[in-house]
Amino acid sequence: MRPQCNLIIDSCCDLPFDVVEDEGVTLLEFPYLTSGGERSDDLFKSISAHEFYEGMRNGEQPSTAQVPLVRFREVFERAAREGVPTVYLSFTRGLSGSFDTALMVRDQIVAEYPGFELYVVETCLASIAEGLLVYEALRERSRGLTASQMVEWANEAKYFINEMFMVDDLDSLRRGGRIPASVALAGAKLDVKPMLDIALDGKLSLVGVARGRKKGIKQLAEFYKKRIESVTDERRRVIIGHSDCPKDVERLKDELRKVDESIVFLETSIGPVIGSHVGPGMLALAFWGVDSREMLSISERIASRVHRD
């Protein structure tokens with residue numbers, strides 16, 4: 001079936017490039033800075049994952065930046081000139097101001113090109129969680145979803161993506177301002193492996209700790225077991241992302257197969273932008289599971305409704 005809309009995605013989805021390379025799909029590359037200057041997160045086309053993380057192990061401290069307004073302008077205007085209804089699935093605003101820039105530029109473009117359909121969707125997701133949404137959006141696009149249908153689908157589907165990740169330490173997240181220094185200090189003193197997820201507001205949330213990587217891997221598998229219930233077989237796809245720790249990927253696969261032999265794995269490397277904040281040794285999984293809104297406490301549900309209204 002002929003696609004009814006084009007997609008704009010960004011490099012924070014951390015998918016392999018060959019997965020997202022398709023006609024009518026534009027990759028928006030986030031910038032990052034190293035001692036050698038500014039680079040673009042091109043999903044490891046120009047640098048290998050091992051090379052990037054080995055640099056961090058040897059003292060490199062890369063930093064990240066927002067997508068420049070001029071880049072959004074260039075991408076959105078090109079879409080408008082093509083005239084095909086377009087949807088941008090954006091990295092969470094909880095971790096970047098780029099979403100707000102995208103909204104501002106979207107409004108400008110729509111005013112300049114009356115009648116052009118251009119939508120900006122905040123996924124409230126990051127890394128492979130965002131990647132899973134993008135992966136499925138590509139499949140839905142191939143099935144003929146219109147742009148407005150894609151927006152409706154994405155705004156509901158994002159709540160059914162379950163993710164958890166383990167980092168080797170919290171120092172990189174502390175340097176990037178993603179977590180308080182006090183949390184990073186506590187983690188270092190306790191010598192534990194932090195377990196994190198992405199909350200409904202798109203921000204990082206510390207959900208537990210593990211005494212060592214082996215126990216952390218078991219926690220990831222247990223998380224899958226608890227949250228996968230009632231999902232149909234066709235949805236049993238798991239994305240595993242890692243920042244240069246392939247042996248741990250195999251260990252996690254072994255643990256997950258003990259839970260579910262029918263899993264279809266998609267393995268990917270955590271890209272430079274996300275990697276700049278989590279450092280080497282991150283291990284993550286994302287999958288379709290229970291509605292994350294159901295996991296909220298009563299007080300959290302009330303608060304989310306108040307803020308939404």
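**Exercise 1.** Determine whether Cys124 is buried or exposed, and describe its backbone.

*Solution.* Step 1: Cys124 has a relative accessible area of 14% and is therefore buried (buried means under 20% relative accessible area, exposed over 50%, partly exposed in between, with a 1.4 Å probe and protein chains only). Step 2: the phi of Cys124 is near 60 degrees, a positive value in a residue other than glycine. Step 3: Cys124 lies in the loop between strand E7 (118-122) and H5 (helices, H or I with at least four residues, and strands, E with at least two, are DSSP runs numbered from the N terminus).

This is a predicted model, in which local features need pLDDT of at least 70 and side-chain atom pairs count only at pLDDT 80 or more, while totals for chains, interfaces and linings use all residues. Residues are numbered from 1 along each chain as its sequence is written, and side-chain values use heavy atoms, with hydrogens and water left out.

**Exercise 2.** Characterise Asp14 by its phi, place and burial.

*Solution.* Step 1: most residues other than glycine have a negative phi. Step 2: Asp14, which is not a glycine, has a positive phi of about 55 degrees. Step 3: Asp14 belongs to the loop between strand E1 (6-10) and helix H1 (17-20). Step 4: the relative accessibility of Asp14 is 0%, so Asp14 counts as buried.

**Exercise 3.** Describe the span and surroundings of H5.

*Solution.* Step 1: the 16 residues of H5 reach 23 Å from first C-alpha to last, close to the expected 22 Å at 1.5 Å a residue (the expected span is 1.5 Å times one less than the number of residues). Step 2: H5 is largely enclosed by the rest of the structure, because 14 of its 16 residues are buried. Step 3: just after H5, Gly144 takes a positive phi of about 105 degrees.

**Exercise 4.** Identify the residues with the most contacts inside the largest nonpolar core, and the element giving its largest share.

*Solution.* Step 1: the largest nonpolar core has 71 residues, and Phe76, Tyr88 and Trp153 have the most contacts inside it (a nonpolar core is a set of buried Ala, Val, Leu, Ile, Met, Phe, Trp, Tyr and Cys residues joined through side-chain atoms within 4.5 Å). Step 2: H5 supplies the largest share of this core, 8 residues. Step 3: leaving aside residues up to four places away in sequence, Tyr88 touches, among others, Ile8, Phe30, Phe76 and Val121 (contact means heavy atoms within 4.5 Å). Step 4: a second, separate core of 19 residues includes Ile217 and Leu252.
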